[in-house]
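Here's a quick briefing to read with the model open beside you. Take it topic by topic.

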Amino acid sequence: MTTQTTTAPAATPVQHIPDGLPERIQHFIAGEFVDSVGGETFDVLDPVSNENYVTAAAGQKADIDRAVAAARKAFDDGPWPRMLPRARSRILNTIADIVESRDARLAELESFDSGLPITQALGQAQRAAENFRFFADLIVAQSDDTYKVPGRQLNYVNRKPKGVAGLITPWNTPFMLESWKLAPALASGCTVVLKPAEFTPLSASLWADIFREAGVPDGVFNLVNGLGEEAGDALVKHPDVQLISFTGESSTGRLIFANCAPTLKGMSMELGGKSPAVIFADADLDAALDSTLFGVFSLNGERCTAGSRILVERPVYDEFVERFAARAKNIVVGDPHDPKTEVGALVHPEHFAKVMSYVEIGTSEGRLVAGGGRPEHLPTGNYVQPTVFVDVKPDARIFQEEIFGPVVAITPFDTEDEALELANGVKYGLAAYIWTSNLERAHTFAQAVESGMVWLNSHNVRDLRTPFGGVKASGLGHEGGYRSLDFYSDQQAVHITLGPVHTARFGAHETPAS
Ligand code: NAD
């Protein structure tokens, strides 16, 4: 392990503790905040002090049963699934207005609970509002297929909400990722049970008041906190839940996939990644440098689409490595609440230990050129220096496995074929970033790379209408735009006969006289 000099202050910063933290975090079921039926709780730590700052209700099967029953009742008997799209859209826009008006507070709480830098948490809160506004627009603009079969039939699609949606979310950018599922599920007319990540339950608890103020009827939104193997597992196995939208690790996705099978649920899975950034010698190196640094170190590196493997064409390799390492050493690691902070504290001591173990593994798998441990000026809290390993071989664990922290592997290549083989040589396939000024190569490479999403000469900026999702071990099903509405809806085909019906007349022949 090495230490490095950064521009951050020498002393450990004083931790910012938000005013008005809740005394405890409860479930929200049928319009009421409630504790677990059996009174179970779990401790929630903040990632700077690693001290327990609140306890949260730990949902069990009985709590999930209550929440699903409330969601079922609201779906079967309540107004939400039957409202005109315009009426639901107005409520979704009000939700967006409220989220926007509270963005600073949301960011403060999110940053405190997750360790994300405050400026980045603010951007995520604003994106959450945008998710609601986007789906509010989409449901009023939506059209479905109608076909005329000349002279015979009219066929049309009758779109219907699917039922009760189970939403299971991870701890990186929790509030934004919850909005990503809540907005299309509610827009479609489903009722929901949200099970947020146990490391970061604070911001999820704010949805309840936001929805209530916006006029969402009781029972439409239900929240059950708790551990994945208890609350999450019960939600996945519940027979009255029609679909599960899951974002998290690939290994958890595999388990949930199997657990959905007995009740044949619809599933959408957004899973892990080990995305390549491929830099050809003809690229705009300044732009590629800014973008790849941001791509792997923003959100503390706890980002599913992080460009955590950088492949660089040999002629510019040394220059790129030198400049990348110099910039990485200069990144400000510090108090998540400080607006100058670029990398904050990792979410939880367990995750910190996992990331540090990969840093240790990396020292025997690559050449360390920046970072490599805890910053000297931050003796406590889950802080990790932006860490850069170069000359990493494709069979290295730090090349193959998702680390989900501020750690990057850089590898040289000589030919386009070799770059493609390296890019595709992992089990994941979420995103890919390609840097070249050769138009033909940009498109050929983009189409050959095994990833759900490709960015050419850009980092991760995405229009909400485009598909989002991965291939291989990175996911199953694509959400985004109308695809999300399709996931939360049934599309019933209705066929109407025009004029006389032409049917073969079984049993209509003359019975011969006996
Ligand atoms: P995780 O899989 O450990 O947990 C995700 C959620 O699943 C949590 O709410 C957890 O409680 C729940 N869960 C765990 N076991 C369960 C079970 N047996 N049944 C039901 N629910 C269960 O993931 P994490 O550590 O919270 O998140 C990090 C992972 O998420 C990374 O792999 C990252 O790449 C991935 N991720 C993917 C995307 C994407 O869009 N592809 C986006 C963000 C994060």
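UniProt positions are given here in the numbering used in this briefing, with feature names shortened, and the annotations may be inferred rather than shown by experiment. With that in mind, the "active site" annotation in UniProt, from an unreviewed entry, covers Glu-270. This is a predicted model, where local features need pLDDT of at least 70 and side-chain atom pairs count only at pLDDT 80 or more, while totals for chains, interfaces and linings use all residues. Residues are numbered from 1 along each chain as its sequence is written, and side-chain values use heavy atoms, with hydrogens and water left out.

**Domains**

- UniProt (unreviewed entry) lists residues 33–494 for "domain: Aldehyde dehydrogenase".
- That stretch, residues 33–494, is 40% helix and 20% strand, where helices (H or I, at least four residues) and strands (E, at least two) are DSSP runs numbered from the N terminus. The C-alpha atoms at its ends sit 42 Å apart.
- The domain assignment splits the protein chain into domain 1 (24–271 + 474–494) and domain 2 (276–456); such bounds come from an automatic or database domain assignment.
- Taken over C-alpha atoms, the centres of domain 1 and domain 2 are 31 Å apart.
- Across the two, 24 residues of domain 1 are in contact with 31 residues of domain 2, contact meaning heavy atoms within 4.5 Å.

**Around Glu-270**

- Glu-270 belongs to strand β12 (residues 266–270).
- Its relative accessible area is 6%, so Glu-270 is buried. The cut-offs are under 20% relative accessible area for buried, over 50% for exposed, and partly exposed in between (1.4 Å probe, protein chains only).
- Not counting residues up to four places away in sequence, Glu-270 touches Phe-246, Thr-247, Gly-248, Phe-468, Gly-469, Gly-470, Ser-474, Gly-477 and Glu-479.
- Strand β12 also turns up in the packing of helix α8 (residues 250–260): the buried residues of α8 pack against β8 (164–168), α7 (228–237), β11 (243–247), β12 and β18 (428–429).
- Those buried α8 residues are Ser-250, Gly-253, Ile-256, Asn-259 and Cys-260.

**Aromatic rings**

- The structure has 18 aromatic pairs. Rings of Phe, Tyr and Trp (its six-membered ring) pair if their centres lie within 6.5 Å; planes under 30 degrees apart are stacked, over 60 edge-to-face, and the rest tilted.
- One of them is Phe-28 with Phe-33, a tilted pair at 5.0 Å centre to centre and 55° between the planes. Phe-28 is buried at 4% relative accessibility, whereas Phe-33 is partly exposed at 31%.
- Phe-280 and Phe-445 make an edge-to-face pair, because their planes are at 80°, with ring centres 5.6 Å apart.
- That pair links distant parts of the chain, 165 residues apart: Phe-280 is in the loop between β13 (276–279) and α9 (285–297), and Phe-445 is in helix α14 (residues 439–448).
- Both rings belong to buried residues, with Phe-280 at 0% relative accessibility and Phe-445 at 2%.
- Arg-441 lies over the face of Phe-280, 4.1 Å from the ring centre; a charge sits over a ring if NZ of Lys or CZ of Arg is within 6 Å of the ring centre and within 35 degrees of the ring normal.
- Phe-28 and Phe-33 also join Phe-132, Phe-175, Trp-207, Phe-211 and Phe-221 in one aromatic cluster.

**Buried polar residues**

- Asn-222 is in strand β10 (residues 221–223) and is buried, with a relative accessible area of 0%.
- The Asn-222 side chain reaches the backbone nitrogen of Ala-30 at 3.0 Å. A polar contact is a pair of N or O atoms within 3.5 Å; within protein, one must be able to donate a hydrogen and the other to accept it, and residues adjacent in sequence count only if both atoms are side-chain atoms.
- Leaving aside neighbours within four places in sequence, Asn-222 is in contact with residues including Phe-28, Ala-30, Ala-67 and Val-192.
- Ser-451, in the loop between α14 and β20 (453–456), is buried at 13% relative accessible area.
- A polar atom of the Ser-451 side chain lies 3.0 Å from the backbone oxygen of Met-453.
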